[in-house]
Amino acid sequence: MPCGEDWLSHPLGIVQGFFAQNGVNPDWEKKVIEYFKEKLKENNAPKWVPSLNEVPLHYLKPNSFVKFRCMVQDMFDPEFYMGVYETVNRNTKARVLHFGKYRDVAECGPQQEVDINSPRTTTLERQTFYCVPVPGESIRHKRSYEDDEDMDLQPHKQKDQNAGAGQAGGAGGLQWCGEPKRLETEASAGQQLNSLNLSSPFDLNFPLPGEKGPACLVKVYEDWDCFKVNDVLELYGILDASSLLDPMECTDTAEEQRVHSPPASLVPRIHVILAQKLQHINPLLPACLGKGESGACKLVSGFMSELSPVRAELLGFLTHALLGDSLAAEYLILHLISTVYTRRDVLPLGKFTVNLSGCPRNSTFTEHLYRIIQHLVPASFRLQMTIENMNHLKFIPHKDYTANRLVSGLLQLPNNTSLIIDETLLEQGQLDTPGVHNVTALSNLITWQKVDYDFSYHQMEFPCNINVFITSEGRSLLPADCQIHLQPQLIPPNMEEYMNSLLSAAVEDDFVEMRKNDPQSITADDLHQLLVVARFLSLSAGQTTLSRERWIRAKQLESLRRTRLQQQKCMNGNEL
């Protein structure tokens with residue numbers, strides 16, 4: 001069996017070791033799962049696993065062990081695969097037994113071919129999910145995926161992964177029997193695009209506009225009945241780098257194959273070894289918040305002792321954000337903690353949709369308020385309720401029977417997402433038929449906490465748990481559980497400067513908190529350095545004001561820089 005380090009870079013070697021020891025005995029599959037479970041229990045082991053949410057695909061080593069935090073956007077039909085198959089050497093007639101699990105194509109050595117009529121061949125079933133990054137996930141909760149920023153900070157990882165990618169399946173690589181190995185280069189990806197008529201940009205089917213990150217075809221081998229559409233999952237599995245199957249060998253229609261078998265360079269495959277349904281995506285909380293979890297109980301008991309001052313601080317901050325209106329701030333806190341805890345017949349209990357009326361029209365107030373809420377919740381989306389958006393955006397997911405897939409819509413969101421609807425942008429105009437349907441869909445979401453997906457011949461009801469907060473000038477056109485009229489206690493002459501001053505206060509609070517935790521960790525000079533880095537970081541992104549995201553990013557950069565210097569100092573034994 002490969003050495004201990006190989007479980008990250010060569011997981012198929014680990015699987016091969018268990019298969020060789022146990023043969024066709026099904027216990028080998030359970031031992032594989034237990035092996036990786038135990039590995040991930042080691043100190044900080046999950047942090048060693050490259051994440052598709054953080055690392056661009058072209059930096060990941062083919063056939064390596066990866067993780068992916070995602071939402072199930074669609075579920076394809078189950079597919080059959082050869083769980084165990086036998087190859088025959090054309091010269092010596094020697095027979096070798098292979099496993100087909102965790103791979104898409106059969107592995108053959110030189111002069112070998114698959115004996116499809118072998119009595120030892122076992123056909124099994126697996127489920128394929130189409131998964132996308134969690135829609136609307138807060139920038140605080142996901143690493144900076146865009147612009148390959150993280151890879152610039154990790155040259156050692158970049159070097160290793162590029163070397164692995166350059167070999168493209170050297171150890172444990174997969175190939176068709178009797179055919180030369182095909183590397184996944186840009187040229188081959190281009191050929192795949194042409195063969196699939198993908199001259200136009202491939203639609204990754206993200207529910208929300210502007211989303212970034214990879215979509216993945218996820219192959220699940222055990223307990224797939226436990227998962228459903230819109231579930232948020234954390235997956236650990238093997239990144240498949242095999243070439244695309246020959247379109248001529250597929251019986252699907254051209255459009256269906258375009259969707260179900262896109263190039264792996266666009267939509268990678270993950271063969272799942274471990275999968276967990278996430279109750280939440282807040283990295284500051286334990287993954288499991290059940291009553292029997294000791295870690296969760298300790299966290300809650302420790303937090304309860306600090307709850308009163310934390311709430312008072314949050315109330316004060318939101319009061320400033322709401323222009324001095326403490327009553328509106330109280331109701332905003334109530335809204336933020338609301339959730340559907342049960343359903344009585346069709347009535348969802350626990351929802352608390354708030355309509356904040358009296359918001360300034362044609363100002364940046366609602367935009368800045370959304371940015372503040374964005375930092376308080378794990379996932380959110382701001383819907384600008386204009387006539388054009390209501391008439392042209394797709395709110396309801398619908399089934400495309402030609403491509404045999406579920407086409408996403410704005411309301412295909414995971415539970416506990418905050419949906420902020422901005423009605424202050426609504427002007428006079430005519431809603432057409434799609435616009436009326438969209439308004440109806442929003443009303444049903446707010447009232448019944450459900451979205452009726454369109455399957456052409458019928459509608460299918462999908463229950464949800466979406467927190468809806470409506471900002472409007474007058475009373476909202478949409479239903480709400482509670483309306484509160486904003487009464488500003490101050491009218492700042494420059495709304496932009498006032499809202500940005502809240503960020504300045506947050507920066508000061510950060511500094512105080514860092515000093516409190518470790519007085520030696522940061523000085524006034526360090527704070528000045530942080531502010532300089534944050535300023536230039538904002539300018540480099542074309543922003544003239546400092547946002548919370550750029551401040552957090554600046555702290556990350558400085559932390560990584562200091563860590564690297566400290567590592568170099570320990571290595572050389574000299575002061576730098």
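Helices and strands here are DSSP runs, numbered from the N terminus, with at least four residues for a helix and at least two for a strand. With that in hand, N230 can be placed in the loop between β6 (216-220) and β7 (232-240). Please keep in mind that this is a predicted model.

## Exercise 1: Two asparagines in loops

Task: Find where N230 and N63 sit, and work out what the sign of phi is for each.

Solution.

- Step 1. Start from the background: most residues other than glycine have a negative phi.
- Step 2. Turn to N230, in the loop between β6 and β7. Its phi is near 80°, a positive value in a residue that is not glycine.
- Step 3. Now decide whether N230 is buried or exposed. Buried means under 20% relative accessible area; N230 has 13%, so N230 is buried.
- Step 4. Repeat this for N63, which belongs to the loop between α4 (45-48) and β1 (65-75). Its phi is positive too, about 65°, although N63 is not a glycine.
- Step 5. With a relative accessible area of 7%, N63 is buried.

## Exercise 2: Salt bridges across the sequence

Task: Take three salt bridges, E86 with R120, K277 with D231 and R382 with D422, and describe which parts of the chain each one links.

Solution.

- Step 1. Recall the principle: side chains of opposite charge can pair when their charged atoms come close. The whole structure holds 25 salt bridges.
- Step 2. Look at E86 and R120, whose side chains meet at 3.3 Å, N to O. E86 is in strand β2 (residues 79-89) and R120 in the loop between β4 (112-114) and β5 (122-133), so this pair ties together parts 34 residues apart in sequence.
- Step 3. Check the surroundings of that pair. E86 is buried, at 5% relative accessible area, whereas R120 is partly exposed, at 44%.
- Step 4. Go on to K277 and D231, with the closest N and O atoms 3.5 Å apart. This pair links distant parts of the chain, 46 residues apart: K277 lies in strand β8 (residues 269-277) and D231 in the loop between β6 and β7.
- Step 5. Here K277 is partly exposed, with a relative accessible area of 41%, while D231 counts as buried at 6%.
- Step 6. Finish with R382 and D422, where the closest N and O atoms are 2.7 Å apart. R382 belongs to strand β12 and D422 to strand β15, 40 residues apart. Both R382 and D422 are buried.
- Step 7. One more group is worth finding: E79, D104, R126 and K219 are joined into one network by salt bridges that share partners.

## Exercise 3: The open sheet and L383

Task: Lay out the sheet that contains β12, then describe the setting of L383 in that strand.

Solution.

- Step 1. Write down the strand order. Five strands form an open sheet, β12-β15-β18-β11-β19, with parallel pairing.
- Step 2. Identify the edges: β12 and β19 (482-485) each pair on one side only. On average, neighbouring strands of this sheet are turned by 20° against each other, direction ignored.
- Step 3. Zoom in on one pairing. Strand β11 (residues 354-357) runs parallel to β18 (residues 467-471), and three bridges join them. For N355, the bridge partner in β18 is I470.
- Step 4. Add the helix. α12 (residues 365-374) lies across β11, β12, β15 (418-422) and β18, and runs at about 165° to β12.
- Step 5. Place L383 in strand β12 (residues 380-384). L383 is buried, with a relative accessible area of 4%.
- Step 6. List contacts beyond four places in sequence: L383 touches L393, F395, L410, L419, I420, I421, D422 and L442. D422 is also the salt-bridge partner of R382.
- Step 7. Compare sequence and space for L383 and E423: they are 40 residues apart in sequence, and their C-alpha atoms are 8.7 Å apart.

## Exercise 4: A nonpolar patch

Task: Which residues form a nonpolar patch on the surface, and which elements give two or more residues to the patch?

Solution.

- Step 1. The members are F303, M304, L307 and V310, with about 340 Å² of accessible area together.
- Step 2. The elements that give two or more residues are α9 (294-304) and α10 (307-321).
- Step 3. Take F303, in helix α9: with 39% relative accessible area, F303 is partly exposed.

Technical notes:
Residues are numbered from 1 along each chain as its sequence is written. This is a predicted model: local features need pLDDT of at least 70, side-chain atom pairs count only at pLDDT 80 or more; totals for chains, interfaces and linings use all residues. Side-chain values use heavy atoms; hydrogens and water are left out. Buried means under 20% relative accessible area, exposed over 50%, partly exposed in between (1.4 Å probe, protein chains only). Contact means heavy atoms within 4.5 Å. Two strands pair if DSSP finds at least two bridges between them. Axes are lines fitted to C-alpha atoms, for helices over the stretch in contact, and angles run from 0 to 180 degrees between N-to-C directions. Patches are made of residues with over 30% relative accessible area and no salt bridge: like charges are joined within 9 Å, nonpolar side chains (Val, Leu, Ile, Met, Phe, Trp, Tyr) within 5 Å. Accessible areas come from the Shrake-Rupley method with a 1.4 Å probe; for residues, only the protein chains shown count as cover. A salt bridge is a side-chain nitrogen of Lys or Arg within 4 Å of a carboxyl oxygen of Asp or Glu.
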